Every structure is written in C-alpha cells, then in structure tokens.
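Welcome, and thanks for taking a look at this chain with me. Let us walk through its architecture, one part at a time.

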Amino acid sequence: MSNATLYNTLDPAIEKRVDDLLAEMTLPEKVGQLVQKSPFGIVDWEVVIRKRQQAKTQGQPFSYQEAVSPEFEAHIREGRTGTVMCDDPQLANYLQRLAVESRLGIPLLVAADVIHGYRTTFPIPLAQACTWNPELVEQAERIAAAEASARGINWIFAPMVDIARDPRWGRIAEGSGEDPYLGCILAEARVRGFQSTRLETSRRVASCPKHYVAYGAAEAGRDYNTVDISERALRDVYLPPFRSAFDAGAGSTMSAFNDIGGIPASANPFTLRTILRDEWGWPGVVVSDYNAIGELVNHRVAADLKDAARLAILAGVDIDMESSAYEAHLAELVEEGSVPIAAVDEAVRRVLRLKFSLGLFDDPFTDETLAEKIILNEDFRAHALEVARQSMVLLKNESNLLPLPKEKIRVAVVGPLADNQCELLGTWASAGRAEDVETILQGIRAYLPELSIRNVQGCSLYGAEEDFSEAVAAARDADVVILAIGEGADLSGEAHSRAHLGLPGRQQELADALAATGKPLVAVLLCGRPLVIPRLVEQADALLVTWHGGIRAGQAVADILFGTCNPSGRLAVSWPRAEGQIPVYYAQKSTGRPAEGSGTTQFHEPFRSTYLDESNSPAFCFGYGLGYTRFMYADLKVETPSVSLDGTLVVSATIENTGRQTGTETVQLYIRDVLASVTRPVKELKGFRRATLQPGESQRVRFEVPVRELGFIGPEMRYIIEPGSFKVWIGSDSGRGLEGQFEV
Ligand code: GLC
C-alpha cells in the first residue's frame, strides 16, 4: 500500500475489523477512544529520575511501576484513554501494556510535537521553506519520524501548514510562509516524509497537518486572536495546503484554537463536516488542539464544558485533547439524547481505523534498543547541515564582499548569537539539545587560524545597559566584522507574537557602533520571522538571514561566509520595511487604484493605494535571494499561446550562469489572470524549478502547467476556470522576470 493511501482510504479488511470491534464496545469504552491525556501530571518524574538512577547503579531493569499514578493506570487499563502524549519508549511500552490488558485490548496512539526534527534538529520550517526543495524537506521529515518512532511515538502533531502573511505572529516560524502553491508542495512533501514506509524502525507514524484552519490569519498577528476572512480567502489561500496534505495521505488533522468568522474552528460544522467530509470525502481523524474544546467556553459559544463537548462532537471533532470535556460529559450527552450515538460511533470508527492502519493492533510496542542506534546518527547530522545551508538567504552582498578569503584576513566575530547554542535550535525544538549545536564561532574557527579571530559578544540579546567599547576596538583591529544578531528562539513560536519587529535589546545600537568604524560589516541574522531592520539593511555590506538553523547552523553559516557553499535560499515570505505595511505579500490584489510603481508613495502617486510615509513594496520580496554567481534569463517562449480549458500551458526560458561559480537558481513561474469575474492577485506562483549550473552553462527550463491549476473560487464560491487572457513570467523572484502572455 503506498504512503499516499496508507491512512486516508478505506481498506475493506480494516473496515471489517473496525465494525467488529465497534460492535463490542460499551459507551464508556467508546468515549475512552476519544480522550487524549498527556502523562505530564500523572507521571511523577521525580520518582522516575530517582528510580532510574537507582536501577542504573544497581544494574536492575527500570520500571515505571511506581512512577505512573494508580488512577492513570486504572484509566488506561479500563480503556478510558485512547491517546497519550509521550516520547519515552519505556513509558510508551509500559502504557501500551496497560492498554492491551484492557477488556478489548485497544492499543494507544502515542503522540508528540515534532516540528523540525526530533533530536536531530533541523532549521525551523519557515527556513526549510526557503530551500524551495521539497525532496530535501521530505527527507528531513523522514528522519524526524524515524527518531520519533524509535522513541515510541506513532502519531506526530505536524506538519504545521498554516499560510502566514503576518510576521507579528510568532508561529510564522512553524509553517511554509505566505504562498499557497509553495505551501501545498511542502505540505505534501512533509506528509510523505513523516509517513514514510521506510523508517529505520520498520514502524509507521501518522502525521497531523495543523491547525485546521486559517489559524495564520489571526487579526493583528496576535496569537489565538479572531480570524475573520471571506470564504473565498479560506478556499483560495488557507484550505489548499490541508487538501494537499490529505491527498498525500495524512491520517489526521488538528482543529485550531481560533474562530473563523464567528464560529470556532473546533466547533465548526462548515469546515469540519461540509468541507472535510462532504466535499473532500476525507476519512481521517480530527483531534482538537490543546484544550480547544474547553476554550469554547472562553469564546462564549458554550455555556459550560458539557455544552462545549456537545458542540464539538456534533461539529465533527473526534478526539478531545486535554480538555476533559468528552471524558466528563460525552456519555451523559448520549444517554440524555443530546448527542446521537451515531456521532460518537463515527468518531470512534475513525480513531480505530487509524490505529489499525498504523498496525498497532498487530504490534503496539517499540524496540527500546533502537533509539540509541538511530538518533543523531552521522547521516542525519549530514542532512541537517545540507538543509541549513540551503535554507539561508543572502539578502545583500555589496561589492561581493562575500565570500570572504580563507587566509590573510582578521575577523572580529561580534554579537550575542555568535557563540550561542540554545537559540539556534529555534522554537518547538522537541528533544533537540543545545549541546548538539555547533555555534557560528565554531564554524568560523574551522576556517581561520585562531589568531585571525577576535570574538567579543558586544551586547546581550535583550539587555538594556551595554558597553560596546570592546566590540568597537575589536572591529577597528579587524579587516571585516561578522555580526551575529537577531531574535532568541523564545521570541518565536506559539504565544510569542511581537508588535515591534526590530532587533531586540540594544543590538541595533551595537550595529550602529560597529558600522561607525567604517569596517566592512557582515550581518548574520538569526530569527524566527522577517524582522523590520531598515537601518541594519543600510549599514550591512552583506546580510545573510540564517533563521534559527538547527544543530548544524554554525558550520552552514561558515560554509556560506567562506564560499564552500554558494547560498541558494529564496524568501518564502515577504520581508516588510515597516510594521505598518503588514500584511505585505506579493499576491496582492490590484484594487481600484493600483500604485503603478512599487516603491512609490502618495507624493508620487496621489489618490492611489499607497502610504504617505512608506512605499508599498517589501524590503525584499517573496522568492528573493542572492548567490555568489549571476543568472541571466533570456528567450521566454510561450509554446502554447492559446490553450484549451483542459489543456496544459507550456512556457520555457533559457537560464545562463554568467558568473564564475557553480550555483543553484530557483527559477520561478508566475501568472496573472488579466480579467476575471472576481478580483484576482496581481501575481500567483504556479511553478518553480531548482537549476544547478556551472559557470557559463545555460539550460532551457520548461514549465508545464495544467490549465485546471489556473482556476479560482468564482462568484458562486465554486472552483472555476475562466477563459481569457493571462500573463506569465519566468524569473528569479516575484518582483521580476521575462514576461509573456497566453489565452485560455
Ligand atoms: C499546542 C499547539 C499545537 C500542539 C498542541 C500539543 O498548544 O497549538 O500546535 O500540537 O498544543 O502540544
């Protein structure tokens, strides 16, 4: 059975086993399958640590026997919990043994968040999106699944596929950026990776694309805030990555915290039933986000937890993550007739189907010896380096300051992130450890003799009082300054929205002081989101965005700075000039008063959709990134100047490496629907290709785009393709390219 059908199609043999089992289940046992509990709070970790230590010194096998609270043991033994969050193979096996001792022996789903690697920590997902390399990302997720599986995990709460166009939102770090096309391709790649049937453990893991749906459209970029978007935006922008994830075989999804136009996502029959089940026919499991059912009371649509349970089960949420609403009230709701047993049976059926598809009834246990053999192995670490290299985006490189020479150069390595480990892990680093991280300073030391390097921190990440004098002195003695600054991981991720997107603390003043020395300045920027850094962009001669690059970031940065690696990263999200522009993204609508120029203001174009005090254009546009060579585009050819509704657009261009280094260009294809029955974006990404060319080498890059992919949600809220004129561009980013046109 292929990966794509593993969890989301109906296998008659499995359906029969589900039917037979469901027929035997009591109501409390059915409710138990819809309850998720995490061992935090039920396992006395103090006891675990002490008992483990004792067992180690006495050479005895360790058991969780006394560490798990008796009531939790009873809970599992009586089948009153179907899923636990846990990433310890011994504990997972202990809990599975309790579960299979239950009357019907239904094994547990063992879940964990594995967002960008389990112990081998890759760059944050937003950084991975900047590789524009689905195969690379897929392999990273396969590695993450292999390590997680070795730790007893069989259900991963990832990939996060929320489209995000607002860098104030801390969770922009966890997704694939602003564009649905790139987001769909990476959602598929991530699901394929997680659900690979070739894990070193020979076991399988189910993915859980999240957060269903439109969580990234939170008003004002404030986490958990209201989402109020049109159904058209929902269907054109926010739903497609979920559809792609499900088409790639995802076995579950997670309903989000936010409301959507007044109806919370975790009690929303339109998104959870009409779209998910009626329109898409997807049979997978919906798990709520953490206590999202309980939070229906805070949304003030549920009078109490019992009412919340009723709303959620009727809307189509199958598993209640941690709110206790189902555990406390679902049976009562059925017995009093408020909830039909059919609604419960339907949910239980989906959960059992997932457990059978995962093979858990045949063997729920984890080989506890595998973890130490698999985790953090050299192949996995090598892949983390390659992903880090390809994820970094060179935004500026005045007079080709980079790459730096490897000899006869004195560098001042300055900044609070130059020799830092833990911040490079980024947000949601799962089991990642700071001790595994190579720092940027270590990476540089591998290239230059110690005498050529002077390292001064210069300031702290967030400190208020700083003395820059030592850093300035080091800069004065150096030929070039490498300044490693940016955000700590703690400013990124869930519940970490920022209203001001500048450099934290006194880092910008440190950059000012260093720039004042007149020495060439290479800014290495670590962040979980685009930052508003107009002064640094001016001051830096070279600007390399490394994001939070994971355990191999240090070497990746040095490989790029010293030219071993020719940077190929391209922005997967627009880079704002000012917070006031947000949301700023390339696929804007024309409006009734479009600004003709991109860098203009009201003074240039009065009464146009512009600002008085800032241009419309981002500091750096979607798809942008520099390298150490040059690529020239020529001879665009629309091979199908007129194409039928069921036809395929074919367009090509020649790309030539006119520089002196081998390099990889991400050739991008954009279209514009010139005239349509609803307002359409000025540009839409519809294809991209990574091309690696030797100096002087040229390549004809050809795109084939089925016309069915050029449709949109029409006035009747249905996906339609309209005949008419289109423009097409092939270029290096969303801001430029060779232009052509064609008729559908
Ligand atoms: C968190 C996150 C979600 C995560 C879940 C379980 O609040 O919103 O992404 O999977 O809880 O940890």
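In what order do the six strands of the open sheet lie? They run E11-E16-E15-E14-E12-E13, with mixed pairing. Please keep in mind throughout that this is a predicted model.

At the edges of the sheet stand strand E11 (393-397) and strand E13 (453-456); each has a single partner strand, so one side of each has no neighbour in the sheet. From one strand to the next, the twist averages 15°. For a closer look at one edge, turn to strand E12 (residues 411-414), which pairs with E13 in the parallel sense over four bridges. Val411 is joined to Ile453 of E13 as its bridge partner.

Next come the domains. The domain assignment divides the chain into domain 1 (12-367), domain 2 (392-561) and domain 3 (631-743). Between the C-alpha centres of domain 2 and domain 3 the distance is 36 Å.

Two helices deserve a visit, and the table sets them side by side.

| Helix | Residues | Buried residues | Glycine that follows, with its phi |
|---|---|---|---|
| H7 | 134-150 | 14 of the 17 | Gly152, positive, near 90° |
| H21 | 553-561 | eight of its nine | Gly563, positive, about 85° |

From its first C-alpha to its last, H7 reaches 24 Å, close to the 24 Å expected at 1.5 Å a residue. Because 14 of its 17 residues are buried, H7 is largely enclosed by the rest of the structure.

H21 is mostly covered too. Its buried residues include Ala553, Gly554, Val557 and Leu561. What do the buried residues of H21 pack against? Their partners are helix H16 (378-391) and helix H17 (440-445), together with strand E14 (480-486), strand E15 (521-526) and strand E16 (542-545). E14, E15 and E16 are also members of the six-strand sheet described above.

Finally, the nonpolar interior. In soluble globular proteins, nonpolar side chains tend to be buried together. Here the largest nonpolar core has 141 residues, and Tyr326, Leu525, Trp547 and Trp575 touch the most other members. Helix H14 (residues 341-357) supplies the largest share of this core, with eight residues. A second, separate core of 69 residues includes Ile153, Ala418, Val437 and Ala484.

Tyr326 makes a good place to end the tour. Setting aside neighbours within four places in sequence, Tyr326 is in contact with residues including Val31, Leu34, Val35, Ile293, Ala309 and Ile313. Asp318 and Asp320 are also among its contacts.

Key: Residues numbered from 1 in each chain as written. Predicted model: local features only at pLDDT ≥ 70, side-chain atom pairs only at ≥ 80, totals over all residues. Heavy atoms only, no water. Core = buried A, V, L, I, M, F, W, Y, C linked by side-chain atoms within 4.5 Å. Buried < 20%, exposed > 50% of the residue type's maximum accessible area, 1.4 Å probe, protein only. Helix = DSSP H or I, 4+ residues; strand = E, 2+ residues; numbered from the N terminus. Contact = heavy atoms within 4.5 Å. Pairing = 2+ DSSP bridges. Axes fitted to C-alpha atoms, helices over the stretch in contact; angles between N-to-C directions. Domains from an automatic or database assignment. Expected span 1.5 Å × (residues − 1).
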